[in-house]
Amino acid sequence: MPEHNHDRFNSAVVAHLPVAMEAQESLAAVVDLNAPYQAAIDQATLTIGGRPLHVVLLGTVSKQTNTWLWSWANQGFASDIPAIAPAKRVTDVADSWGLWELAEPRFGLAGVLDTGLGAGASIALVAAPIIGATAFYSADYGAGTAYFGILDPAVPRVRPQAVTFPRRILDAVGLRPENPRSQVLTYASVHDLRVTGDERQLKVHIGGDVMGVQFDDQGRITNISGSLGPNALQ
């Protein structure tokens, strides 16, 4: 394994938190996350509480070794099947993002930021949007935990709204306050929102609305406000 630390990856975890928290909220509205699950890798299906969902297996974490293994590197699966092949897309951005973890088949999780769901979930929450998954699901299978990206019409990506934007950002900042600017920019990027502004203020264009995020000299958010169109509260 490369003798690298996880600093850049941990920064990516922090940046993706608003998207991840929003996504998991959306998934929880469709299925009971505490219900029993059944995985059918050959069918690219995960059934949670009786509700089948189309998924991609992102990777697994071994409880014995505390290592992450990407599904495309797992010799127990054919890398070209529908439940595995899309996960390989993470390697496409490994170099441009400077995240060696996205291309390394297996690596230790010591030092990977845990935001409350385990270090494996941190890998999954960064990987899920890259492959087009709208959420991720953690499945304990005894010897380890499998992480699935949800690719199902029943769990669409949440449509960003100006009225909910402040909560999305501030909930993530409340969990990990290290770099709120990156959280705003990553949320906008995943949702394909236009952003303008400078070091002291970012303006996020959400439909016909514009939300301004003000920062102090230390890069902390001091205020989020903006215009709300006539349909914002509908």
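This note describes how three helices and a four-strand sheet are arranged in a predicted model.

1. Basis of the note. The model is predicted, so local features are restricted to pLDDT of at least 70 and side-chain atom pairs to pLDDT 80 or more, while totals for chains, interfaces and linings use all residues. Residues are numbered from 1 along each chain as its sequence is written, and side-chain values rest on heavy atoms, with hydrogens and water left out.

2. The sheet. Four strands form an open sheet in the order β8-β9-β10-β11, with antiparallel pairing. Helices (H or I, at least four residues) and strands (E, at least two) are DSSP runs numbered from the N terminus; two strands pair if DSSP finds at least two bridges between them. The edges are β8 (194–197) and β11 (221–227); each has a single partner strand, so one side of each lacks a neighbour in the sheet. From one strand to the next, the twist averages 20°.

3. The pairing of β10 with β11. Strand β10 (residues 209–215) pairs with β11 in the antiparallel sense over six bridges. V213 has I224 in β11 as its bridge partner.

4. Helices on the sheet. Helix α4 (residues 165–175) packs on the sheet and touches β9 (201–206), β10 and β11, with its direction at about 165° to that of β11. Helix α5 also packs on the sheet, touching β8, β9, β10 and β11, and its direction makes about 20° with that of β9. Contact means heavy atoms within 4.5 Å; axes are lines fitted to C-alpha atoms, for helices over the stretch in contact, and angles run from 0 to 180 degrees between N-to-C directions.

5. α1 against α5. Helix α1 (residues 7–28) packs against α5 (residues 180–190) at about 50°, with the axes 7 Å apart. That angle makes α1 oblique to α5 (under 35 degrees is roughly parallel, over 145 roughly antiparallel, 65 to 115 roughly perpendicular, and the rest oblique). The contact involves V14, A15, H16, L17, P18, V19 and E22 of α1, together with S182, Q183, T186, Y187 and V190 of α5. Its residues comprise seven nonpolar, four polar and one charged (Ala, Val, Leu, Ile, Met, Phe, Trp, Tyr, Cys and Pro are nonpolar, Asp, Glu, Lys and Arg charged, and the others, Gly among them, polar).

6. α1 against α4. Here the packing angle is about 110°, and the axes of α1 and α4 lie 8 Å apart. The two helices are therefore roughly perpendicular to each other. From α1, residues L17, P18, M21, E22 and E25 meet R167, R168, I169, D171, A172 and L175 of α4. This contact divides into six nonpolar, no polar and five charged residues.
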